[in-house]
Amino acid sequence: MQSVLLLSAVEFYAFMAFDLADSAGKQMCTMKGHQVLGNTYTRCDSPTILRAFIERVYGNRKVVATRMNEGSSRSHCAIMLTLLTLDGGCFRQTQFSIVDLAGAERPEKALGERISKETAMQEMFRYMKNPSADMSPGLQGFLINFELSNLLTEVVTATNAHKGKHPYKCSSFGNSASIAYFGGALAGESRLGVIICLSQSPQNGWETWYSIANYGKSLAQLRTRVRPVASVSMDAALAEAKKAAADAASALNAMGTSASNMKYAPFRYGMKVYTEQRLQFMVALRDMGAGGGSVGSGGGTSGVEVLRAEC
């Protein structure tokens with residue numbers, strides 16, 4: 001068996017997804033179902049590569065100083081290890097994800113004041129029109145709390161769906177790229193493990209109680225039936241990857257210069273980079289199989305496995 005291990009990182013910020021591993025700047029990603037598309041890959045041949053990768057990722061991530069934390073995370077961050085394997089002409093792609101969720105905060109404690117819903121919506125509207133102008137810490141905290149609340153709602157929805165033996169479908173109202181991504185675990189596409197961080201300070205007693213009694217309890221009740229990944233032939237996988245790369249390059253080249261077209265320029269550029277990189281590593285994997293070489297070993301990953309068939 002031959003394998004290639006790839007590193008990538010995505011930031012979920014302001015309902016959108018951005019690549020964190022690109023040193024040239026954060027390109028925009030998009031969602032296809034529960035899968036992130038548009039992120040860059042870094043090949044990982046040894047553990048020493050991880051240090052520079054993680055430093056670059058956290059250097060790109062959104063942080064801000066608050067009264068409670070000098071480096072408060074203002075986004076959710078997912079570090080993904082993608083394993084491409086070739087076994088007897090059969091191709092498979094699996095993924096192990098470690099996600100650092102931005103913590104919920106009480107604005108009065110963290111920032112000294114609470115932003116109103118009306119003010120938050122007005123600022124969010126201005127931000128969507130001009131994303132280059134960063135949003136205030138108050139709006140960042142508002143959106144984080146909103147997303148975490150929605151995530152808990154989706155967990156309860158998925159739990160009830162599985163209890164009733166119905167398929168889980170991520171709701172579209174008020175949800176974001178992060179909710180769509182986490183929905184993969186709720187739909188049975190991954191094994192999920194969650195660690196809840198608790199404060200030992202008495203002044204944070206209410207937050208600690210809420211984390212255990214509400215969030216932790218609801219997460220512990222989640223049950224899903226994990227769906228296996230089917231292997232496909234390497235030839236079929238490469239044909240799909242080549243077509244995806246050609247389509248992405250064509251969409252970028254054919255893009256006009258109008259305001260509506262330029263709005264999607266970051267996404268189209270990201271898709272071109274993503275599809276070209278993925279094709280490059282798949283070709284390298286095929287050549288390793290033809291030559292008998294290998295990078296890594298074993299048939300998969302352990303822990304939280306996001307199991308997705310890519311072809």
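**Note on strands, cores and enclosed spaces**

1. A convenient place to begin is a single pair of residues: cysteine 77 stands opposite aspartate 100, which belongs to strand β9. Please keep in mind throughout that this is a predicted model, and that each point below describes that model.

2. The pair just named can be set within its two strands, since β8 and β9 (residues 90-100) pair in the antiparallel sense over 11 bridges. Another pair to find on the structure is alanine 78, whose bridge partner in β9 is valine 99. The hairpin of β8 and β9 has 2 residues between the strands, and in this hairpin glycine 88 takes a positive phi near 60°.

3. On following the sheet outwards from β9, one comes to strand β10 (residues 232-233), which pairs with β9 in the antiparallel sense over 2 bridges. Here cysteine 90 has serine 233 of β10 as its bridge partner.

4. Strand β8 also pairs with β1, again in the antiparallel sense and over 11 bridges, and within this pairing alanine 9 has isoleucine 79 of β8 as its bridge partner. How many of the 12 residues of β8 are buried? The count is 10, and therefore β8 is largely enclosed by the rest of the structure. For tracing these strands by eye, it helps to know that in a regular strand the side chains alternate between the two faces of the sheet.

5. The largest nonpolar core has 25 residues, and those with the most contacts inside it are Phe12, Val36 and Tyr181. At least two residues of this core are supplied by each of β1 (2-13), β8 (76-87), α4 (137-163), α5 (177-186) and α6 (205-220). The largest share comes from α4, which provides 7 residues of this core.

6. Valine 36 deserves a careful look of its own. Leaving aside residues up to four places away in sequence, valine 36 touches Val10, Phe12, Cys29, Thr30, Met31, Met80, Tyr181 and Tyr274. A second core, separate from the one above, has 20 residues, among them Leu37, Phe91, Met234 and Leu279.

7. Turning to enclosed spaces, the structure holds 4 cavities of 30 Å³ or more, and the second largest cavity contains about 50 Å³ of space. Which residues line the second largest cavity? They are Phe12, Tyr13, Ala14, Arg74, Ser75, His76, Gln140, Leu143, Ile144 and Glu147. Both β1 and α4 give two or more residues to this lining, and α4 gives the most, with 4 residues. By class, the lining of this cavity has 5 nonpolar, 3 polar and 2 charged residues.

8. The second largest pocket, for its part, has a volume of about 610 Å³. It is lined by 23 residues, of which Met16, Phe18, Met28, Met128 and Pro131 are the closest to its centre. The elements that contribute two or more residues to the lining of this pocket are β1, β2 (16-19), β3 (30-32), α3 (117-129) and α9 (265-291). Sorted by class, the lining of the second largest pocket comprises 15 nonpolar, 2 polar and 6 charged residues.

9. Some elements recur in these points, and they may serve as landmarks when you go back to the structure. Strand β1 pairs with β8, supplies at least two residues of the largest nonpolar core, and gives two or more residues to the lining of the second largest pocket. Helix α4, in turn, provides the largest share of that core and gives the most to the lining of the second largest cavity.

Conventions
Residues are numbered from 1 along each chain as its sequence is written. This is a predicted model: local features need pLDDT of at least 70, side-chain atom pairs count only at pLDDT 80 or more; totals for chains, interfaces and linings use all residues. Side-chain values use heavy atoms; hydrogens and water are left out. A nonpolar core is a set of buried Ala, Val, Leu, Ile, Met, Phe, Trp, Tyr and Cys residues joined through side-chain atoms within 4.5 Å. Buried means under 20% relative accessible area, exposed over 50%, partly exposed in between (1.4 Å probe, protein chains only). Contact means heavy atoms within 4.5 Å. On a 1 Å grid over the protein atoms alone, a cavity is a set of points where a 1.4 Å probe fits but cannot get out, and a pocket is an open set with protein on both sides within 12 Å along at least five of seven lines; lining residues have an atom within 4 Å of a point. Grid points are joined across faces, edges and corners, and a volume is the space filled by probe spheres set on the points. Ala, Val, Leu, Ile, Met, Phe, Trp, Tyr, Cys and Pro count as nonpolar, Asp, Glu, Lys and Arg as charged, and the others, Gly among them, as polar. Two strands pair if DSSP finds at least two bridges between them.
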